[in-house]
Amino acid sequence: MVDFDVCVVGSGAGGGPIALTLAEAGFSVLVLEKGPWLTEDDFYKDEIACCRRNTYSRNLREEFHVVEKRNKGNGWTAKPTYDGGRDFWNGNMVGGSSNLMSGFFHRLKPKDFRLLSEFGPIDGANVADWPIAYDDLEPYYAKVEREVGISGRVIEHPNLEPRSTNDYPYPPTAEHPVAEWFDDLCRGEGLHSIPVARAILSRPASGRSACQYSGYCGSYGCSSGAKGSSRAALLNRAVASGNCEIWPNCHVCHLQSDSSGRVVSADYYDANGVVQKVRSDLFVVACQAVETSRLLLLSRGPRHPNGLANRHNQVGKNLIFSGGGAGTGTFLYDDLDPEKAAQLKIRGPFVNRALQDWYYIDNDEMGKAKGGTIEFLFRHPNPTGRAIQQKWESDRLLWGHPLKNKLHRYFTSAGYLRFETFADWLPNNDCNVTLDSALKDKWDAPVARIKVGKHPQDLKISRYLARKGYQMLTDLGADKVSWGVSSNPPGNLMAGGCRFGHDPEKSVLDRNCRAHDVENLYVTDGSFMPTGGSVPHTWTIYANAFRVADKIVAEHGSSHRGDSHRL
Amino acid sequence: MSLSTSHLDRRKFLIRGGATVAVVTALAGLPLALRKEMTKETSFVFFSSQQQQTLTALQEHLFPKGPDSPGATDIGAAAYLEWAITVPESDPDSRNTIVNGIGRLQDATIERFDTVFTQLEFMQKERLLRYLADETRWGRVWLSMVLTYIFEALLSDPVYGGNPDQVGWRWLEHQPGFPRPPTDKVYGKL
């Protein structure tokens with residue numbers, strides 16, 4: 001006897017589509033989420049709560065990660081995140097980090113599904129083709145457009161992905177006048193200015209309001225419900241179906257398996273810190289890449305002595321992030337004609353422009369290589385964050401009137417446009433998740449140790465793209481452009497660790513994201529991705545989770561529906 | 001890619017033993033009148049009167065009032081900092097860093113000038129702080145952190161006690177986002 005047909009661990013972009021699809025198909029679904037259940041009534045444009053303190057993540061003294069980075073001596077140095085100021089939690093609440101995303105949505109391209117075949121092996125990288133093709137996922141990309149709510153405008157360009165629909169279901173979000181500057185420049189230079197689709201409603205739908213254009217989006221929870229978080233777009237509807245329960249503040253610490261190898265229950269700490277147990281027929285893990293691998297590694301059982309789904313020691317391997325660089329252009333108001341200066345001061349609408357002219361590269365300088373996306377946007381408006389960067393002059397701390405003059409000049413004399421580049425973070429043997437052998441969290445469980453080795457090819461591509469971004473901002477009239485590339489991983493753009501594939505010895509999941517060696521266990525966050533594409537991962541995670549949900553319904557619908565006995 | 005959500009400086013540095021002990025030791029060599037002045041009661045709950053006066057003088061030096069711009073006192077920097085390091089969810093490391101830094105500043109002042117920081121002339125303060133920022137690791141970390149809290153007082157929502165009447169936002173022509181937080185939905189209450 002089970003308590004639910006399906007138990008979903010984690011409620012973000014990987015969990016929401018499963019909960020909605022299965023609940024609407026008649027399965028009884030439980031979603032366990034370690035964070036609280038916040039709603040639109042809890043989200044305000046409050047930099048302190050949002051971004052200066054860890055309101056939406058864990059107390060790093062109690063729950064942290066150990067990050068292992070290459071040091072200057074070419075060895076490795078490991079530090080716990082409470083001691084390093086970096087944080088790999090990305091939003092512990094119902095809906096997960098999708099509550100806080102910027103919602104720049106791009107599909108992967110057909111070649112992204114067969115990177116090995118298209119570009120060949122790369123020394124030191126574990127590049128692999130996906131076990132599915134773009135065509136398998138395309139219907140689900142389209143489904144996400146409808147179900148999550150994506151606003152945009154399709155234009156023809158050389159790297160446009162094949163589409164089953166002509167355009168997005170929602171018109172583009174309001175565009176900032178700077179978008180037109182950008183379009184003009186691209187026309188002159190023979191480039192293709194792409195209107196970026198956003199997972200943000202441009203008009204009300206499904207009980208959600210349209211975007212209110214406050215100018216504060218990324219890193220903030222959405223107070224209108226326009227942002228297509230898993231919570232606002234999917235989980236509310238799953239609960240409304242009557243077949244889905246969400247239990248917040250429940251931290252799953254172990255998945256119990258029986259002598260046959262099947263998962264039989266999830267052990268979790270409830271809001272009072274008491275260990276509880278819930279039984280289910282199917283289990284879907286979607287805790288975001290690092291914590292998903294950690295949970296599987298922690299979940300040893302009689303048939304899984306090295307952790308669930310880890311018979312061939314693949315869990316945690318080939319963790320990936322998004323490789324990239326960034327730059328900021330300073331546009332002095334005094335250097336612009338008054339009309340343009342006035343335009344630049346407008347706050348609220350989005351720039352929403354990207355270039356993918358170098359998504360694939362084939363030239364003398366770089367040879368044939370996979371490139372990436374360059375996204376153009378305003379510098380984030382958080383004032384304290386911006387002010388803090390002004391306190392240093394070279395390596396010297398500033399204060400007094402020199403600091404105040406600099407601050408005033410920075411805030412009032414210029415506008416700031418940014419670019420961010422997205423490139424593959426090539427999977428490699430130095431980027432993975434293991435259990436730390438010494439440090440434990442407040443639950444007395446080993447914390448995840450994240451090794452973040454980056455392949456040199458990624459830096460080369462990132463530098464190439466960043467130089468293009470630099471040139472664009474310069475050509476737009478920036479007084480100066482500061483830019484750089486980094487080997488540090490963006491903690492909010494993680495994937496891999498449980499890659500899917502045909503070969504059980506080289507992958508954790510099968511093509512439908514079911515564990516090769518655990519018949520009732522699925523993983524549906526970004527962990528499945530063997531390679532990440534050169535775009536943010538979220539749309540693909542949503543789409544794949546909808547795809548897997550359909551597979552579960554097809555395979556288990558008749559045998560499981562309505563069998564459970566609620567607690 | 002979203003913006004970095006870096007928190008307050010967490011860099012480790014050697015924290016001396018109890019700040020209170022250090023301050024009492026340092027005060028022992030000062031004139032009685034000065035000691036009385038420094039230990040009088042104030043409205044601050046966490047900081048002692050002496051700590052509060054030192055902190056206020058320091059913040060005003062780091063962020064002075066200008067003819068058309070607010071200073072540390074105008075933006076409520078001292079009261080904001082006290083809230084920031086005493087709210088239950090605050091990071092104990094940051095709290096210790098701030099408190100111990102005040103003690104170390106007093107030690108350094110007395111050692112060099114045989115008086116307390118509040119009694120120093122402008123250039124004496126400037127030379128001392130410049131030395132601490134440029135030549136000592138703890139001073140650099142601590143002063144950087146004090147500045148960060150000043151920026152928070154200047155630019156966070158007034159609901160937190162700094163930035164009264166949006167004085168910081170108005171000075172820097174900053175347009176806040178909306179909706180703004182009500183008092184029952186702020187950090188520590190969510």
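In the predicted model, Lys65(B) and Asp74(B) form a salt bridge in which the closest N and O atoms are 3.0 Å apart. Lys65(B) is exposed, with a relative accessible area of 51%, and Asp74(B) is partly exposed at 29%. Elsewhere, Arg107(A), Glu138(A), Glu145(A) and Arg163(A) are joined into one network by salt bridges that share partners. Over all chains, the structure holds 40 salt bridges.

A further pair in chain A is formed by Asp3(A) and Arg279(A), with 2.8 Å between the closest N and O atoms. Asp3(A) belongs to the segment before β1 (4-9) of chain A and Arg279(A) to strand β11 (residues 275-285), so this salt bridge ties together parts that are 276 residues apart in sequence. The accessibility of the partners was also computed. Asp3(A) has a relative accessible area of 2% and is buried because this value is under the 20% cut-off. Arg279(A), at 35% relative accessibility, counts as partly exposed.

Salt bridges also occur between the chains, and the rule finds six of them across the interface of chain A and chain B. One of the pairs joining the chains is Asp42(A) with Lys185(B), whose closest N and O atoms are 2.7 Å apart. Asp42(A) is in the loop between β2 (29-32) and α2 of chain A, whereas Lys185(B) is in the segment after α8 (167-171) of chain B, so the contact joins two chains. Asp42(A) counts as buried, at 11% relative accessibility. In another salt bridge, the side chains of Arg53(A) and Glu152(B) meet at 2.9 Å, N to O.

The contact between the chains takes 57 residues from chain A and 58 residues from chain B. About 5,100 Å² is buried between the two chains, and carbon and sulfur atoms give 59% of this area. Of the area that chain A buries against chain B, 16% is supplied by Arg53(A), Trp399(A) and Lys404(A), more than by any other three residues. Arg53(A) thus appears both in this group and in the salt bridge with Glu152(B).

Across the same interface, 19 residue pairs are found in polar contact, with both residues at pLDDT 80 or more. On the side of chain A that touches chain B, two or more residues each come from α2 (47-52), α9 (383-388), β20 (396-397), α10 (400-412) and β21 (414-424) of chain A. The most is given by α10(A), with eight residues. By residue class, the side of chain A that touches chain B divides into 24 nonpolar, 18 polar and 15 charged residues.

Chain B contains eight helices and zero strands, and from the N terminus on its elements run α-α-α-α-α-α-α-α. Of the 190 residues in chain B, 55% are buried. Among contacts in chain B with a separation of 6 or more, 61% are between residues 24 or more positions apart.

The model scores ipTM 0.92 and pTM 0.93. The average pLDDT of chain B is 82, and 77% of the residues score at least 70. Over residues 1-42 of chain B the pLDDT is below 50, and this stretch has 89 contacts in the model beyond near neighbours in sequence. Where pLDDT is low, the predicted coordinates should not be read in detail.

Conventions: Residues are numbered from 1 along each chain as its sequence is written. Chains are lettered from A and ligands numbered from 1 in the order in which they are written. Side-chain values use heavy atoms; hydrogens and water are left out. Contact means heavy atoms within 4.5 Å. Buried area is the accessible area (1.4 Å probe) that two parts lose on being put together, summed over both. A salt bridge is a side-chain nitrogen of Lys or Arg within 4 Å of a carboxyl oxygen of Asp or Glu. A polar contact is a pair of N or O atoms within 3.5 Å; within protein, one must be able to donate a hydrogen and the other to accept it, and residues adjacent in sequence count only if both atoms are side-chain atoms. Helices (H or I, at least four residues) and strands (E, at least two) are DSSP runs, numbered from the N terminus. Ala, Val, Leu, Ile, Met, Phe, Trp, Tyr, Cys and Pro count as nonpolar, Asp, Glu, Lys and Arg as charged, and the others, Gly among them, as polar. pLDDT is the predictor's confidence in each residue, from 0 to 100. Buried means under 20% relative accessible area, exposed over 50%, partly exposed in between (1.4 Å probe, protein chains only).
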